[in-house]
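Please work through the exercises below with the sequence and the model at hand. Each task is followed by a solution in steps.

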Amino acid sequence: MKIEKKLFFSALVILIAIIVAVIVNLNVVQKNVEIIYDFCISQFGWVFILANISCLVFSLWIMFGPYKNVRLGGENCKPVFGTLSWASMMFTTSCGAWLVVYGFLEPIYCASDAPFQIKPLSTQAFEYGQMYAHFHWGPNAWCIYVPVSVAIGYILYNRKSGTGTVSAACSSIINNRKGKVFSYIIDLFSICGAVIAPVISIGTGMPLLVVLVENIFGISDSYRTVIQICILCIWVLIFGTSVYLGLNKGIKKLSNINVLSALILMAVVGVMTGLFKVFFAEINTIGLLFNNFIRTSTYTDPYGTGSFVKGWTISYWACYFVYMPLMGVFNAKISKGYRLKEIAFGQLVLCTSGCWFAMATFGNYAMNLQVSGKLNIAEFLANGNEAGAVLAILENMPFSKIMMIVLLLISFIFLATTMDSSAFSAAEMTVKQEKENGLAPRWLRLIWAVVAVIMAFVLLQVGGAKAVRSLCYITGLPLSIIAIFIIVSVIKMLKKDYKR
């Protein structure tokens with residue numbers, strides 16, 4: 001196993017430079033990053049929309065097209081992981097505690113800033129708010145990871161390449177001397193993105209974890225930093241254990257525990273909401289989404305303010321494209337033995353189903369509180385208090401203390417799994433593999449895990465998580481264009497290897 005020192009040290013220097021810049025002059029960094037971000041979203045938001053549609057069309061082509069039965073590793077290769085474990089690892093890596101928070105809050109967020117010029121917080125706004133929550137966590141989201149997962153997996157296991165990187169996924173269209181520079185830049189973007197991307201989840205999930213710990217154990221808010229340090233230290237212990245146990249016994253078992261506990265919690269909240277209410281609402285939501293699918297997929301609000309589509313849909317797609325390298329490498333490594341159609345199905349259908357289950361249960365429970373007037377969640381959100389909103393929702397549940405403890409554990413493991421997979425993917429992108437089934441050394445994965453934890457802690461302390469989140473979204477623009485290159489590359493590879 002050969003370490004790609006140039007990529008490793010370059011990425012490490014860039015990440016350290018980002019941390020130092022944020023610490024030294026956060027206001028300047030944040031101001032400049034937000035100016036660039038606003039420009040990218042305003043002028044190039046349509047690129048994210050088109051790239052997303054391209055990924056969806058490609059995913060459907062892979063699922064139903066002429067190469068659907070191509071198996072990663074060859075026709076006689078058997079899957080390394082069972083279907084449930086395989087789907088669980090994909091699901092937990094991408095979702096994180098983000099899904100827990102926004103499962104409760106996004107429908108109300110979207111109803112408060114309703115699309116299509118609908119009156120905010122009206123009955124129609126609530127219906128469309130729930131519809132958009134399903135849209136942002138549905139096939140349009142998961143399709144973004146399919147091209148890169150297929151491309152890297154095919155290169156590793158069918159073409160027997162020792163390089164499982166995003167640039168390798170573009171290899172069939174980048175094959176000249178200048179392409180080496182382009183490949184280096186792509187991989188540098190990808191490695192940094194894989195380490196930074198979980199900061200988005202941490203920035204959303206950490207405040208909730210801290211608030212839950214304070215309320216469960218009666219700890220004063222003045223100990224917030226101590227609580228954060230304790231949480232991060234436990235994460236490091238989890239990383240160390242997972243790294244030592246390896247992919248099969250580490251991340252796999254953590255993901256299985258996470259998904260099982262999350263599904264049980266969702267089912268319990270669904271029962272609290274009322275199963276018939278959930279069924280009625282979900283049938284309405286899915287029907288509304290199907291009726292408006294083309295409109296939501298192409299909506300840019302060209303004659304309005306564009307605030308909704310820029311603040312939600314385009315920002316979501318930008319975030320998912322930042323996660324694309326992480327998910328592509330990770331999904332490829334765990335998908336050996338699966339057919340291409342199964343990879344597309346696993347993400348578009350299985351992972352979407354998990355997200356929709358969260359929206360159907362968490363979302364409808366919160367929506368009923370808002371509509372009935374029992375709790376004004378929209379007011380919490382207007383004041384930027386997401387953690388307070390989730391805490392207030394839990395306090396309105398039976399056995400609220402128990403629900404807080406369960407949600408704390410699930411959110412904690414969600415974030416740990418995301419960070420663990422981030423370190424795994426960053427390590428895999430900084431090595432040249434000499435064996436087909438080889439994995440990056442444990443010490444390298446541990447280094448990236450520690451770097452990610454340190455970065456998260458520092459940014460949370462100085463309030464720089466928002467700046468890095470905007471920086472992530474900016475990075476999503478070139479990665480969305482790279483996604484189109486990957487689509488062209490994998491089609492070219494398949495046509496060349498399977499001449500018809």
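Three exercises follow, on salt bridges and on a pair of helices.

The model is predicted, so local features need pLDDT of at least 70 and side-chain atom pairs count only at pLDDT 80 or more, while totals for chains, interfaces and linings use all residues. Residues are numbered from 1 along each chain as its sequence is written, and side-chain values use heavy atoms, with hydrogens and water left out.

**Exercise 1.** Determine which parts the salt bridge between Arg 159 and Asp 497 ties together.

Step 1. A salt bridge requires a side-chain nitrogen of Lys or Arg within 4 Å of a carboxyl oxygen of Asp or Glu. The side chains of Arg 159 and Asp 497 meet this way, at 3.1 Å from N to O.

Step 2. Arg 159 lies in the loop between helix 6 (146-157) and helix 7 (166-169), and Asp 497 lies in helix 19, so the pair ties together parts 338 residues apart in sequence. Helices are DSSP runs (H or I, at least four residues), numbered from the N terminus.

**Exercise 2.** Classify Lys 333 as buried or exposed, and do likewise for Glu 428.

Step 1. Lys 333 forms a salt bridge with Glu 428, the closest N and O atoms being 3.6 Å apart.

Step 2. Buried means under 20% relative accessible area, exposed over 50%, and partly exposed in between (1.4 Å probe, protein chains only). Lys 333, at 8%, is buried; Glu 428, at 1%, is buried.

**Exercise 3.** State at what angle the axes of helix 2 and helix 14 cross.

Solution. The axes of helix 2 (residues 26-64) and helix 14 (residues 340-372) cross at roughly 130° and come within 7 Å. Axes are lines fitted to C-alpha atoms, for helices over the stretch in contact, with angles from 0 to 180 degrees between N-to-C directions.

How values were computed. Helices (H or I, at least four residues) and strands (E, at least two) are DSSP runs, numbered from the N terminus.
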